[in-house]
Amino acid sequence: MSAVIEIDGLRKTFHTLRQGRRVAVDGFDLLVEAGQIHGFLGPNGSGKTTTLRALLGLVRADGGRMSVLGAPAPARLSEVAGRVGAIVESPQFFGNFTAHRTLRLLALAGGVPTSRVDEVLEQVGLRDRGDERVKGYSLGMKQRLAVASALLKSPELLILDEPANGLDPAGIREMRDLMRSLAATGVTVLLSSHILAEIQLICDHVTIISRGRRVAAGRVDEVLAGFDQHEFQVRVAEPERAAELLRGRGLSVTDHPDHLVVAGVDEPELITRTLGEQGLWVRELVPLRPDLESVFLELTGTMPHPTVPRQVDDSALPAPDGALIELNARENREVDA
Ligand SMILES: Nc1ncnc2c1ncn2[C@@H]1O[C@H](COP(=O)(O)OP(=O)(O)OP(=O)(O)O)[C@@H](O)[C@H]1O
């Protein structure tokens, strides 16, 4: 598979008059290969938008190497710009224009044949609503229109920042179907999100960012498998005796009010055999698989604490691995705020 986006060691520190230096991206790596629907997942303020803006040359990076479709980015992005559709800042549309007119103007401005307008309206499911004014559109319809505008030039790569932001579950499902149909036609999609369910539903690959650093990457199922503790939920009569027997076989057992959780189980038969041999019959044996939510909370250090309200993007806190975020050594005097 060929690399469509490569980011190596990206760094970006903002300097603002009010808050001083703020490390937004801290040596971040990303690899997106052709044909993937790649989720770029991280909590609020973790550096997703800054990464995408740096990739597209909307903000100047302090360090690192990036390329898009083989062209060094952002320096030679113009060579491949015609093959890339991106929505990073939320596009503003004129409410009084219809979707059709909006796209027609964008097509004319971009040198794209206006015959594409009907095609992209069809593609995003707005064909029958294309002659309505945009101000009457729902949020989901506006998101579709935004995607349609990025599709006008038939891109090979689509970059979307938070495309499902504010959508209801049905809207997210529709967005997933749209992304899948695009991927089926060979388009590679990179989409950022802080919503786990969205990534798990829409994407096949994921890169997780926390406090400006990559903390996990790979196929969604592989990332999840990496966190599989081989745990089973067991319901049995005489749970105390059962726990003792299982511990005697070297398994780690946690007691819960009406069940046991047994970890480190490679062969579930070990549980049923150990208990059955002693006349304890298992009533329920359920594998406990990690979900992206628990993996995400663990990796990004955003697990809620019962007494401490979680702070968005608290750069002064230790990173999940315990290391304090280093401030970028390279001085950058620009004020981006
Ligand atoms: N122009 C700017 N000036 C100063 N600080 C900025 C600027 N843009 C981003 N930041 C800071 O950089 C950090 C990363 O922000 P960024 O917008 O990249 O996060 P994000 O992951 O996209 O968050 P969200 O999911 O909330 O959109 C935050 O601390 C943010 O306050």
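Helix H1 lies across strands S1, S2 and S4, and runs at about 110° to S1. This arrangement belongs to a predicted model, and the report below starts from H1 before turning to the sheets and the ligand.

**Overall composition**

The protein chain contains 10 helices and 14 strands. Of its 337 residues, 35% are buried. Among the contacts between residues at least 6 apart in sequence, 70% join residues at least 24 apart. The domain assignment divides the chain into domain 1, covering residues 3-225, and domain 2, covering residues 231-288. Between the C-alpha centres of domain 1 and domain 2 there is a distance of 46 Å.

**Helix H1 and the ligand shell**

Helix H1 spans residues 48-55, and because 7 of its 8 residues are buried, H1 is largely enclosed by the rest of the structure. The buried residues of H1 are Lys 48, Thr 50, Thr 51, Leu 52, Arg 53, Ala 54 and Leu 55. Just after the helix, Gly 57 adopts a positive phi of about 75°.

H1 also takes part in the surroundings of the ligand. There are 16 residues around the ligand, and those that come nearest are Phe 14, Ala 24, Asn 44, Thr 49 and Thr 50. The elements giving two or more residues to this shell are strand S1 (3-16), strand S2 (20-33) and H1. The most is given by H1, with 3 residues. By character, the shell divides into 3 nonpolar, 9 polar and 4 charged residues. Thr 50 thus appears twice in this account: Thr 50 is buried in H1, and Thr 50 is among the residues that come nearest to the ligand.

**The open sheet beneath the description of H1**

The strands that H1 lies across, S1, S2 and S4, recur in an open sheet of 4 strands, which has the order S2-S1-S4-S5 and antiparallel pairing. Its edge strands are S2 and strand S5 (71-72), each of which pairs on one side only. Strand S4, residues 63-68, is joined to S5 by 2 bridges, and the two run antiparallel. Within this pair, Val 68 stands opposite Ala 71 in S5.

**Val 84 and its contacts**

Val 68 is also one of the residues touched by Val 84. Val 84 is found in strand S6, residues 84-87. Why is Val 84 classed as buried? Val 84 is buried because 23 other C-beta atoms lie within 10 Å, where 20 or more are required. Leaving aside residues up to four places away in sequence, Val 84 touches Val 68, Leu 69, Pro 155, Leu 157 and Ile 159. Val 84 and Leu 151 are 67 residues apart in sequence, yet their C-alpha atoms are 8.8 Å apart in space.

**Strands S8 and S9**

Strand S8, residues 188-193, is mostly covered, with 6 of its 6 residues buried. In a regular strand, side chains alternate between the two faces of the sheet. Both faces of S8 are covered: Thr 188, Leu 190 and Ser 192 are buried on one side, and Val 189, Leu 191 and Ser 193 are buried on the other.

Strand S9, residues 205-210, has 6 of its 6 residues buried, so S9 is largely enclosed by the rest of the structure. His 205, Thr 207 and Ile 209 point one way from S9, while Val 206, Ile 208 and Ser 210 point the other way, and all are buried.

The pairings of S8 and S9 are set out below.

| Strand pair | Direction | Bridges |
|---|---|---|
| S3 (residues 37-41) and S8 | parallel | 5 bridges |
| S7 (residues 157-161) and S8 | parallel | 5 bridges |
| S3 and S9 | parallel | 4 bridges |
| S9 and S10 (residues 213-219) | antiparallel | 6 bridges |

Individual residues illustrate these pairings. Phe 40 stands opposite Ser 192 in S8, and the bridge partner of Ile 159 in S8 is Leu 190. Ile 159 is also among the residues that Val 84 touches. In S9, Val 206 is the bridge partner of Gly 39, while Ile 208 stands opposite Ala 216 in S10. S9 and S10 form a hairpin with 2 residues between them, and Arg 211 in the turn has a positive phi of about 45°.

Methods
Residues numbered from 1 in each chain as written. Predicted model: local features only at pLDDT ≥ 70, side-chain atom pairs only at ≥ 80, totals over all residues. Buried ≥ 20, exposed ≤ 12 C-beta atoms within 10 Å, placed from the backbone. Contact = placed C-beta atoms within 7 Å. Near = placed C-beta within 6 Å. Nonpolar A, V, L, I, M, F, W, Y, C, P; charged D, E, K, R; others polar. Domains from an automatic or database assignment. Pairing = 2+ DSSP bridges. Axes fitted to C-alpha atoms, helices over the stretch in contact; angles between N-to-C directions.
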